[in-house]
Structure formats: C-alpha cells, structure tokens
Amino acid sequence: MKNNKFIYITILIVAILFSQIVLAQEDGENTKIAQTGFQFLTVGTDARAAALGEAFTTVEGSSNSLFYNPAGMASLKSFADLSLNRMEWIGDINYLSGTVGFGIEDGKYGIVGLSFSHIDYGEFLFTRVAGNEKGYVDIKEFSKPFSFSVGLGYAKELSNKFSVGGQIKYVKQNLGDSYLPSEILDSLGNKTGKYTIGDKQNYQLGVLAFDFGTLYKTGYKSLTFGMSVRNFAGEVKYEKEGFQLPLVFKIGISMDLIDFYEELKEHHKFMLRIDAAHPRSHPEFISVGGEYIFMDMVALRAGYITGQDLYDFTAGFGIKQFGFELNYAYTPYLEFNDIHRISLGFAL
C-alpha cells in the first residue's frame, strides 16, 4: 500500500511539472532566444535518440546515455559498450561522436564511461579591412573552425529501482583567426574614418561543463521516471560580452505498453517515452517517442517534438544481433536538406 501511494504521488508530481512547462511554453514563447553559445551541444547525434524525437531521458543500458542522461548507463549489462555516431548537419557541418562504457566488477562498483564529439564546420575564406576602393581584400588563407568535447562519466545503481549518474566534460569551440581593424589617426590624433589591418586574433574558448541525472523505476510494471541536467558551466566570453552554455533541464517518463498484454510480452515491446524540456535559451517543448521492438532484434521508431520552427517529426529503425547494433534516423526539414543519422554499437 505504501508503495502504491508513493507511485501515485510521483505521477502527480511529474504531471504538475509537465503542466507547468506547457503553460510556460504558451505564456513565454519567443522570450528566450539566442541567450547562449556553444550551440553544437544542443544537437543530438545518436540515431536512436533522434528517431524518438530526443525523448531519451529514461533510456537505459547504453553508453550513449552520456549524451542524454548519464544515469541510464548504470544498468549496462556487458563488460564494455561502444557506440559511434555520424551525421551531416545543416550547411555541410559534419558531426562525429562516440561513447564507451566499462563495468567495474560486473557493475558492482558502477559503470565508467568516456564520450567525445567533434564538429567540422568546413573551410571558410575570410576578408579583412583595407584602404582600397572596395574597402577590403581577400585573405589567401582558409580558416577551418571546429568544436569538440571530451567527457568522463560515472553511473551507479543505488538499488534495483534507483540509479544516478554524472559526467564532467571539457568543451571547446575554435572559430578561427580574425584580423581586427585599426582606425587611422591624423597627425593631430583625430579619427580619419579610415582603417588599416590590425592584429591577428584567434577566437577559441574552452570550458569545463557538467551533466548529471537520475532514473527511478516505480515497480509498477516498466513505468520509469528520469531527470537530467546538461551543460552546467560558468560564463565564458570572446571579447566584451559573456554568454552561458546551453543549459537544459529535462524530465521524462516511459513505459512498455505491452505490459498490459501478457500473451505478447515474449516477442514484442512497445516503449512509449515522453520528455519535457526546459532549455535556457529557447521556449519549453515536449518530445514524444514510440519504439516497437520485435524479439529484441528489430526496432521501428517515430517521434514528435513540439514548438520547433523547422522540424517536428522524426523516424528511424534499428537492427540488433550478436552484440552488434545498427540504428538509422531521418529528420525532414522544411527549409534545409533532410538530416540522416547513422549509429553503430558494439557490446562485449
């Protein structure tokens, strides 16, 4: 009886949180725009997560949870779990990321994980101020801006119902070099309105950031709650104005709906996952994902994300056998090329 009361109270709390986020979205839409930098941290690269509309807070058993909720790595059953993710983003921006998780004494002392991501923005040809008729000249050197992150995470099952996890990561963004213009003064020290080439400045920043989260299995069938906070860090700045990293708070709920049909449970699963997100620099949104799994081998997925201007629907599939996993996700964009993600996983 006490356990049932706790379940009801937990569901009520989550429902209230969800309703508050929805109300905040309706009342405060478009009030939090472009308040953060390092936006590459907001783009998900895992194909399974993308196919589910990023409703991934309650997913467990994979090292890729380091990118969504580190607590999900706590239930890793294999000695080692490796994942690699690849996609081409808008504007020919290339993302490559991966994770690896290791069980300590078969998970008795928790799971240690490593993560990395690298973003290649391509080559850019810059100009600089000059005193000619055009007012500028082309720089005969290409700049290759990039970003990356590396992280160390740890997760532990504190009981058969409750798990915690965290990650510390170093994130860096290199926007290349720039020549700062310097205004020319006359012999009396007055401004002339003309400029010459100034000093060469390299625009790169690095900062430590933190992710952490929890998972709670209610004990009522497969009903699970999750919470995560990602990209918690101090303020950084390139010149005068500082900015924050894209902090995001998420709560999620999931359940296998096949739990209500005992005769189907042997070969079928249908996971319904719902996440509510509270980002620092965008309106709140809700992600809904559905995942049908047949014999733990083949998965069909679809997702929907509210409050997005350029996309809302996602889809994908997965194949898993003999410790190998292949996942694909498709995201149609209204104004840009469609996005295709591919992820590979290995378990030992």
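**Loops, buried polar residues and two pockets**

Asp296 sits in the loop that links strands E14 and E15. In this predicted model, Asp296 has a phi near 55 degrees, which is a positive value in a residue that isn't glycine. Its relative accessible area is 48%, and since exposed would take over 50%, Asp296 ends up as partly exposed.

Lys221 tells a similar kind of story. Lys221 isn't a glycine either, yet its phi is positive, at about 50 degrees. The loop in question here runs between strand E8 (191-217) and E9. With 42% relative accessibility, Lys221 is counted as partly exposed.

A third loop residue worth a look is Glu335, found between E17 and E18. Its relative accessible area is 62%, so Glu335 counts as exposed. Along the sequence, Glu335 and Asp309 are 26 residues apart, while their C-alpha atoms are 9.8 Å apart in space.

Stepping back to the whole chain, the secondary structure consists of two helices and 18 strands. The chain has 348 residues, and 43% of them count as buried. Its accessible surface adds up to about 18600 Å², with 60% of that belonging to carbon and sulfur atoms. Then there's the question of how far along the sequence the contacts reach. If one takes the contacts between residues at least 6 apart in sequence, 54% of them join residues at least 24 apart.

Now for a residue on the inside. Thr57 also belongs to a loop, the one between helix H2 (47-51) and strand E1 (80-89). Unlike the loop residues above, which were partly exposed or exposed, Thr57 has a relative accessibility of just 2% and so counts as buried. Its side chain makes a polar contact of 2.6 Å with the side chain of Asp275. Leaving aside residues up to four places away in sequence, Thr57 touches Asn69, Leu215, Gly226, Met227, Ser228, Lys250, Gly252 and Asp275. Asp275, then, turns up both in this list of neighbours and as the polar partner of Thr57.

Arg301 is another buried residue, but this one is part of strand E15. Its relative accessibility is 7%, and because buried means under 20%, Arg301 falls in that class. The side chain of Arg301 has two polar partners to mention. One is the side chain of Glu291, at 2.6 Å, and the other is the side chain of Asn327, at 2.9 Å. Beyond the residues up to four places away in sequence, Arg301 touches a list of others that includes Arg48, Ala51 and Leu52, as well as Gly290, Ala315, Phe317 and Glu325. Glu291 and Asn327 are on that list too.

That leaves the pockets. The largest pocket has a volume of about 1200 Å³. Its lining is made up of 50 residues, and those nearest its centre are Thr42, Val43, His282, Gln308 and Tyr311. Strands E2 (93-103), E3 (111-120), E7 (162-185), E9 (224-232) and E12 (248-256) are the elements that each give two or more residues to this lining. E3 supplies the largest share, with three residues. Sorted by character, the lining of the largest pocket holds 22 nonpolar, 19 polar and nine charged residues.

The second largest pocket takes up about 1000 Å³. Here 44 residues form the lining, and Arg48, Val59, Glu60, Gly61 and Lys320 are the closest to the centre. Arg48 has already come up, as one of the residues that Arg301 touches. Among the elements that give two or more residues to the lining of the second largest pocket are E1, E12, E13 (268-279) and E14 (285-294), along with E15 (298-305) and E16 (313-321). E17 (324-331) and E18 (339-347) belong to that set as well. E18 gives the most, with five residues. By character, this lining splits into 13 nonpolar, 16 polar and 15 charged residues. E12 is named for both pockets, giving two or more residues to each lining.

Conventions:
Residues numbered from 1 in each chain as written. Predicted model: local features only at pLDDT ≥ 70, side-chain atom pairs only at ≥ 80, totals over all residues. Heavy atoms only, no water. Helix = DSSP H or I, 4+ residues; strand = E, 2+ residues; numbered from the N terminus. Buried < 20%, exposed > 50% of the residue type's maximum accessible area, 1.4 Å probe, protein only. Contact = heavy atoms within 4.5 Å. Areas by Shrake-Rupley, 256 points an atom, 1.4 Å probe, with all protein chains shown as cover. Polar contact = N/O pair within 3.5 Å; in protein donor to acceptor, adjacent residues only side chain to side chain. 1 Å grid on protein atoms, 1.4 Å probe; cavity = no way out; pocket = protein on both sides within 12 Å on 5 of 7 lines; lining within 4 Å. Points joined across faces, edges and corners; volume = space filled by probe spheres on them. Nonpolar A, V, L, I, M, F, W, Y, C, P; charged D, E, K, R; others polar.
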